[in-house]
Amino acid sequence: MTTTGTVLDEIIAGVREDLDARRAQTSAAAIRELAQQAAPALDARAALLGDGTTMGLIAEVKRASPSKGALADIPVPAELAEIYAAHGASAISVLTEQRRFRGSLADLDAVRTRVPVPVLRKDFVVEPYQVFEARAHGADLVLLIVAALEDPLLRELYELTAELGMQAVVETHTDDEVERALALQADIIGVNARNLKTLDVDLDRAAHLLRQIPAGPLAIGESAVASVVDVEAYAAAGADAVLVGEALVTSGDPASAVAAFRQVARRGRPAPEGAQA
């Protein structure tokens, strides 16, 4: 749920302005039709689970972030995505938010045409139009940020995603948000080590939240990955996969980084904290 004056609120205000501009160019009816005409979505959950022995990896095409500013130029995002996929990435995340992340739907289009693995539209989804838009541009996954959505809208967007054949990463960063994701019966739950309202990062806090997720949903650790050690920490906390952007685009050797992260063994979900032995 949003609160006045947070970084998240500021980002969403810009997202809504940009969305209104796109909607003026392509009507809701037109984007719905394009979504219905798109090729069937790929099964991202199955891709992330793989054979169950090593960590799944969503490798992100990420030019910038609100916390760090510019990260990498990435003039041809599809080429970077191809490198990711060729070296074992389970899925590709493409930032489409323009103002803070310097992404675009054109990046999503380009990546979708060049990789065989599932693609996540990474953005701040606050209206059904954006879900239809994601499907129209070939996304297999969308990000639904619990902190940005009241429960009725969260459920509406989650159900619409499923109706269109896609899957959703339901992102959390507090105990309450994990409870809300579980109440939604989300199949894929992301735990973000970065608090989007303050931009502070706490991997220990993320590990605590991951341990609250029971067996069943696929759990993804997001943010705070700088090395294999961090991926191993997420694995120890029960993550099935990690989403990594900055460490890949700034590594100088994304192919080797992807391969190394993918080799980390999956540990399985420990019993939720507080559960009786």
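**Entry 1: strand S6**

I began with strand S6 and found that 5 of its 5 residues are buried, so S6 is largely enclosed by the rest of the structure. I note at the outset that what I am reading is a predicted model. I then looked up the side-chain directions in S6, where Leu141, Leu143 and Ile145 point one way while Val142 and Leu144 point the other way, every one of them buried.

Which strands pair with S6? On one count, S5 pairs with S6 in the parallel sense over 2 bridges, and I recorded Arg121 as the residue standing opposite Val142 in S6. The chain passes from S5 through H6 to S6, and I logged this β-α-β crossover as right-handed. Strand S7, residues 167-172, also pairs with S6 in the parallel sense, here over 5 bridges, and the bridge partner of Leu143 in S7 is Val169. A right-handed β-α-β unit is made by S6, helix H7 (residues 151-163) and S7.

**Entry 2: strand S10**

I turned next to strand S10, residues 241-244, in which Ala241 and Leu243 point one way and Val242 and Val244 the other, with all of them buried. I found that S10 pairs in the parallel sense with strand S1 (residues 56-61) over 4 bridges, and that Leu57 has Val242 as its bridge partner in S10. Strand S9, residues 218-222, runs parallel to S10 and is joined to S10 by 3 bridges, with Ala241 as the bridge partner of Ile220. Between S9 and S10 the chain crosses through helix H10 (residues 228-236), and I recorded this β-α-β crossover as right-handed.

**Entry 3: helix H1**

For helix H1, residues 7-25, I checked the span from the first C-alpha to the last: the 19 residues reach 28 Å, close to the 27 Å expected at 1.5 Å a residue. I listed its buried residues, among them Val7, Leu8, Ile11, Ile12, Val15 and Leu19, and I noted that Asp9, Asp18 and Arg22 also belong to the buried set. Residues three or four places apart point the same way, because an α-helix has 3.6 residues a turn. What do the buried residues of H1 pack against? I found helix H5 (105-112), strand S5 (119-122) and helix H6 (128-136) as their packing partners.

**Entry 4: empty space**

I searched for enclosed space and counted 2 cavities of 30 Å³ or more, the largest having a volume of about 50 Å³. Its lining consists of Val15, Asp18, Arg22, Thr96, Glu97, Gln98 and Asp123; I note that Val15, Asp18 and Arg22 are among the buried residues of H1.

I then looked for open space, and the largest pocket holds about 410 Å³. I recorded 29 lining residues for this pocket, of which Lys62, Lys122, Asn192, Arg194 and Ser223 lie nearest its centre. The strands of my earlier entries return here, in that S6, S10 and helix H11 (246-249) each supply at least two residues of the lining of the largest pocket.

**Entry 5: Ala29**

My last lookup was Ala29, a residue of helix H2, which spans residues 28-37. Is Ala29 buried or exposed? I found a relative accessible area of 57%, and because exposed means over 50%, Ala29 is exposed. I also checked Ala29 against Tyr129, which lies 100 residues apart from Ala29 along the chain, and their C-alpha atoms are separated by 9.4 Å.

Terms used
Residues are numbered from 1 along each chain as its sequence is written. This is a predicted model: local features need pLDDT of at least 70, side-chain atom pairs count only at pLDDT 80 or more; totals for chains, interfaces and linings use all residues. Side-chain values use heavy atoms; hydrogens and water are left out. Buried means under 20% relative accessible area, exposed over 50%, partly exposed in between (1.4 Å probe, protein chains only). Two strands pair if DSSP finds at least two bridges between them. A crossover is right-handed if, with the strands pointing away from the viewer, the path from the first strand over the helix to the second runs clockwise. The expected span of a helix is 1.5 Å times one less than its number of residues. Contact means heavy atoms within 4.5 Å. On a 1 Å grid over the protein atoms alone, a cavity is a set of points where a 1.4 Å probe fits but cannot get out, and a pocket is an open set with protein on both sides within 12 Å along at least five of seven lines; lining residues have an atom within 4 Å of a point. Grid points are joined across faces, edges and corners, and a volume is the space filled by probe spheres set on the points.
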